[in-house]
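Please read these notes with the model open beside you. Each point covers one feature, and each term is explained where it comes up.

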Amino acid sequence: MSEKTVAQAELQRQKNYAEMVHTVLSARISGEPKAFVHTYGCQGNVADSERIKGMLSEMGYTFTESEDEADLILFNTCAIREHAEDRVFGNVGALKSKKKKNPGCVIALCGCMMQQSQVAERIKNSYRFVDLVFGTHVVHKLPEMLYKVLCTGSRVFELPQSDGVIAEGLPVSRDSSFKAWLPIMYGCNNFCSYCIVPYVRGRERSRDPETVVSEARELVKQGYKEITLLGQNVNSYGKDLPNPISFSELLKRINDIEGDFIIRFMTSHPKDCTHELLDTMASCEKAARHLHLPFQSGNNRVLKEMNRRYTREKYLELVEYAKEKMPDISLTSDVIVGFPGETYEEFQDTVSLIREVGFTSLFTFIFSPREGTPAYSMDDPVSAEEKGKWFREMLKVQEEIAGERTAKLVGTTAKVLAEEQDEKGYVSGRTGGNVIIRFKCDNPEKVIGNFVNVKVTNALTWIVEGELISDN
């Protein structure tokens with residue numbers, strides 16, 4: 001067993017605490033105790049929350065969408081941008097009145113934001129109605145921490161500094177019955193100068209490939225149609241294992257599982273994206289023809305200041321190779337506007353790269369300083385107003401490109417996993433290229449959760465509309 005892996009004896013100890021919590025709750029609450037769990041941030045946080053809910057379920061909790069009904073309110077927080085943190089503080093502040101009305105309600109905060117010492121200190125001093133605060137490295141200890149809160153009435157803060165652990169075998173309460181998040185690794189070693197993630201998530205640590213493949217096989221057996229492999233940088237998967245394997249090899253092994261399902265993955269770092277991986281994507285019939293490859297900036301000087309460890313030329317070479325191997329590839333990316341010291345001319349290099357690649361969509365952000373990162377103390381002379389102008393200019397360019405790309409889909413037929421029905425009666429899903437498509441359907445209960453063939457009949461800017469051809 002790796003020293004990064006939580007021992008089975010410890011996990012059994014937590015199961016024992018889960019039973020003890022169940023006993024305490026049964027004595028205090030008539031009926032089933034209810035938990036409200038809200039997740040901020042990335043898919044990794046969503047996957048963490050599914051495990052948190054799995055443990056809460058073992059402790060006897062059912063789940064509610066109403067904070068007012070809850071006996072436990074838990075926020076799983078995100079630290080990636082200042083705006084996300086401000087939202088959390090605002091929403092936590094609003095819980096004070098709920099705690100006053102129901103003093104027995106446990107209020108808990110966890111996730112990346114809590115792993116920052118200055119945030120935890122602020123919660124401790126200014127939000128005294130919060131009962132439990134825990135970091136990213138002790139999620140598996142939730143039963144023990146909750147037991148302490150319930151039985152002592154004291155506040156519990158569990159925020160160890162750590163390179164991170166892997167806790168296998170935690171129960172999972174999934175949000176969907178046909179789409180599954182499958183973490184393959186945790187943490188990050190990249191230390192991009194603007195990013196707080198390595199400081200709050202720890203170092204890269206890969207799960208055992210046999211365990212990952214076994215979990216994927218079980219998901220397919222249970223009827224899951226879409227499996228998304230998660231990691232801060234999936235392209236680094238396996239490098240830290242006693243017997244290293246590549247992410248490309250892992251992808252092949254999951255692709256070889258029998259069944260009708262689609263494989264997605266995120267996020268890929270360009271510095272570790274290889275021709276081998278792109279060749280594997282092209283050869284794996286279950287791998288979605290979609291690559292999320294964040295470039296952040298199109299200017300080499302800015303990329304160097306960001307500590308991204310690739311160049312514009314390297315990025316474009318990867319894109320060219322991907323398009324050569326998979327002409328139908330859909331590319332999406334992350335972009336930061338207004339990095340400290342970036343000039344308008346350098347920003348134009350980002351715009352020109354967007355035009356050259358022709359992305360399906362972009363996740364775009366104005367630079368947000370994160371305390372504790374190198375970029376936090378960098379000179380940043382460009383005003384927020386000016387950065388906003390640049391941002392809007394970039395969005396206009398991407399909107400034009402997105403409209404052109406969706407227009408080219410008209411007349412094509414796509415295999416789509418039907419996901420949900422909206423209030424207007426449209427069923428929606430995503431193409432293999434990660435484009436949202438909506439269509440009318442007489443029997444939505446029959447198709448949702450299954451693959452269907454949809455012919456694209458109309459293109460909007462970001463999504464397309466179509467007509468159902470047949471069940472796949």
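**Notes on the model**

1. The structure holds 1 cavity of 30 Å³ or more. A cavity here is a set of points, on a 1 Å grid over the protein atoms alone, where a 1.4 Å probe fits but cannot get out. The largest cavity contains about 40 Å³ of space. Such a volume is the space filled by probe spheres set on the points, and grid points are joined across faces, edges and corners. This is a predicted model, in which local features need pLDDT of at least 70 and side-chain atom pairs count only at pLDDT 80 or more, while totals for chains, interfaces and linings use all residues. Residues are numbered from 1 along each chain as its sequence is written, and side-chain values use heavy atoms, with hydrogens and water left out.

2. Which residues line the largest cavity? They are D48, I52, N76, C110, G111, F134, G135, T136, V139 and R201; a lining residue has an atom within 4 Å of a point. Two elements, α2 (43-58) and β4 (106-111), give two or more residues to this lining. Helices (H or I, at least four residues) and strands (E, at least two) are DSSP runs, numbered from the N terminus. The lining of the largest cavity divides into 4 nonpolar, 4 polar and 2 charged residues. Ala, Val, Leu, Ile, Met, Phe, Trp, Tyr, Cys and Pro count as nonpolar, Asp, Glu, Lys and Arg as charged, and the others, Gly among them, as polar.

3. Now the second largest pocket. A pocket is an open set of points with protein on both sides within 12 Å along at least five of seven lines. About 680 Å³ of space lies in the second largest pocket. Its lining has 33 residues, and R289, D328, T431, G432 and G433 lie nearest the centre. Two or more lining residues come from each of β11 (262-266), α14, β15 (413-421) and β18 (451-459). β15 gives the largest share, 5 residues. By class, the lining has 13 nonpolar, 9 polar and 11 charged residues.

4. One open sheet has 3 strands in the order β7-β10-β11, paired in parallel. Two strands pair if DSSP finds at least two bridges between them. β7 (179-183) and β11 stand at the edges with a single partner strand each, so one side of each has no neighbour in the sheet. Neighbouring strands are turned by 25 degrees against each other on average, direction ignored. Angles run from 0 to 180 degrees between N-to-C directions, and axes are lines fitted to C-alpha atoms, for helices over the stretch in contact.

5. Look closer at this sheet's pairing and packing. Strand β10 (residues 226-230) runs parallel to β11, joined by 5 bridges. L230 has M266 of β11 as its bridge partner. Helix α8 (residues 209-221) packs on the sheet and touches β7 and β10, where contact means heavy atoms within 4.5 Å. The direction of α8 makes about 175 degrees with that of β7. α2 lies across β7, β10 and β11, at about 100 degrees to β7.

6. Another open sheet has 3 strands in the order β12-β13-β14, again with parallel pairing. β12 (290-292) and β14 (361-366) are at the edges; each has a single partner strand, so one side of each is left without a neighbour in the sheet. Here the average turn between neighbouring strands is 10 degrees, direction ignored. Strand β13 (residues 330-337) pairs with β14 over 6 bridges. T332 has S361 in β14 as its bridge partner. Helix α14 (residues 384-407) packs on this sheet, touching β13 and β14, with its direction at about 175 degrees to that of β14.

7. How do two helices pack? Helix α12 (residues 312-325) and helix α13 (residues 344-357) pack at about 10 degrees, with axes 11 Å apart. They are therefore roughly parallel to each other, a label for angles under 35 degrees. R312, Y315, L316, V319 and K323 of α12 meet D349, S352, L353, E356 and V357 of α13. The contact residues divide into 5 nonpolar, 1 polar and 4 charged.

8. Two backbone details deserve a check. The peptide bond from M266 to T267 is cis, with omega near 5 degrees. T267 sits in the loop between β11 and α10 (275-283). Q296, a residue other than glycine, has a positive phi near 70 degrees. Q296 is in the loop between β12 and α11 (300-306).

Methods. Angles under 35 degrees count as roughly parallel, over 145 as roughly antiparallel, 65 to 115 as roughly perpendicular and the rest as oblique.
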